[in-house]
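Hi,

Here is the structure I promised to pass on. Could you open it next to this email and follow along as you read?

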Amino acid sequence: MDKERWDKYTNELTGSYEAEVSHRPGANNHIEIALNFFKSLNISSPEKKFLDIGCGNRESEIHTSCAWTGIDVYPVEPGIIKGDGHILPFEDKTFDIVYSSHTLEHVLSPIICIHEMIRVLKDNGDLIICVPILPGFITMEHNYMMPKEGWMHLFARLKLELVNYHEIS
């Protein structure tokens with residue numbers, strides 16, 4: 001499918017999300033929790049290349065010493081690449097760490113996005129995916145909401161090895 005046609009589908013089917021950026025402590029609690037989990041993995045290093053898919057306002061950048069790259073459908077900060085997780089504009093095996101927090105539930109196809117994440121991830125790289133699970137916070141902007149077992153089934157079908165699982169209550 002050509003890019004123009006894909007963009008038309010994504011605009012029609014997902015609508016326009018307004019970026020809500022808040023710098024109040026606790027305002028984006030789910031993002032803070034996901035970033036704290038990332039920090040706890042202790043895999044950040046200046047030699048590593050880090051990709052944040054659905055990066056929002058660059059919050060992950062301040063939590064890593066890696067060479068940071070961010071991509072978002074609606075970039076709200078300079079230096080963020082305008083793009084879609086379904087078609088990542090990077091060469092194969094580019095990044096040591098691919099991070100996606102609270103993004104897959106908004107996309108048209110989580111499977112396509114995860115395939116793209118795997119494509120741009122270096123061999124033996126770290127893929128970190130944070131998703132909400134049912135029951136939980138649901139809005140009209142969520143295209144996919146599943147219980148834990150649904151996400152686990154999806155990851156297993158994609159032959160992803162679950163190295164670490166952390167449930168937030």
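Below is what I found in it, going from the overall layout to single residues.

First, a caveat: this is a predicted model. The chain has 169 residues, and 40% of them count as buried. You'll find four helices and five strands, and from the N terminus on they come in the order α-α-β-β-β-β-α-β-α. Contacts that reach far along the sequence are well represented: of those between residues at least 6 apart, 59% join residues at least 24 apart.

Now the inside. The largest nonpolar core holds 20 residues, and the members that touch the most others are Leu51, Val98 and Leu104. Which elements feed this core with at least two residues each? They are strand S1 (49–53), strand S4 (95–101), helix H3 (110–120) and helix H4 (148–157). H3 is the top contributor, giving four residues. There is also another core, set apart from that one, with eleven residues; Cys55, Trp68, Tyr99 and Ile128 are among them.

Next, have a look at how H3 and H4 sit together. Their axes are 11 Å apart and the packing angle is about 50°. That angle makes H3 oblique to H4. As for handedness, H3 passes H4 in a right-handed crossing. On the H3 side the contact is made by Pro110, Ile111 and Ile114, while H4 brings Trp151, Leu154 and Phe155. What sort of residues make up the contact of H3 with H4, nonpolar, polar or charged? The split is six nonpolar, no polar and no charged.

Just past that helix pair, Leu158 is worth a click. Leu158 lies in the segment after H4, and the residues it contacts, leaving aside neighbours within four places in sequence, are Ile111, Ile114 and His115. Two of these names should ring a bell, as Ile111 and Ile114 are also on the H3 side of the contact with H4. The C-alpha atoms of Leu158 and Ile111 are separated by 7.8 Å, with their positions 47 residues apart along the chain. Is Leu158 buried or exposed? Its relative accessible area is 14%, so Leu158 is buried, the cut-off being under 20%.

Over on the strands, try Ala67. Ala67 belongs to strand S2 (residues 67–72). Not counting residues up to four places away in sequence, Ala67 touches Pro46, Lys48, Lys49 and Phe50. The C-alpha atoms of Ala67 and Lys49 are separated by 4.8 Å, and the two residues are 18 apart along the chain. With a relative accessible area of 40%, Ala67 is partly exposed, because that value falls between the 20% and 50% limits.

Last, two backbone oddities. Most residues other than glycine have a negative phi, so these are easy to pick out on a Ramachandran plot. Arg58 has a positive phi, near 70°, and is found in the loop between S1 and S2. Lys93, which is not a glycine either, has a positive phi of about 55°. Where does Lys93 sit? It is in the loop between strand S3 (81–82) and S4. Lys93 is partly exposed, with a relative accessible area of 45%.

Cheers

Terms used. Residues are numbered from 1 along each chain as its sequence is written. This is a predicted model: local features need pLDDT of at least 70, side-chain atom pairs count only at pLDDT 80 or more; totals for chains, interfaces and linings use all residues. Side-chain values use heavy atoms; hydrogens and water are left out. A nonpolar core is a set of buried Ala, Val, Leu, Ile, Met, Phe, Trp, Tyr and Cys residues joined through side-chain atoms within 4.5 Å. Buried means under 20% relative accessible area, exposed over 50%, partly exposed in between (1.4 Å probe, protein chains only). Axes are lines fitted to C-alpha atoms, for helices over the stretch in contact, and angles run from 0 to 180 degrees between N-to-C directions. Angles under 35 degrees count as roughly parallel, over 145 as roughly antiparallel, 65 to 115 as roughly perpendicular and the rest as oblique. A crossing is left-handed if the near helix is turned anticlockwise from the far one by less than a right angle, and right-handed if clockwise. Contact means heavy atoms within 4.5 Å. Ala, Val, Leu, Ile, Met, Phe, Trp, Tyr, Cys and Pro count as nonpolar, Asp, Glu, Lys and Arg as charged, and the others, Gly among them, as polar.
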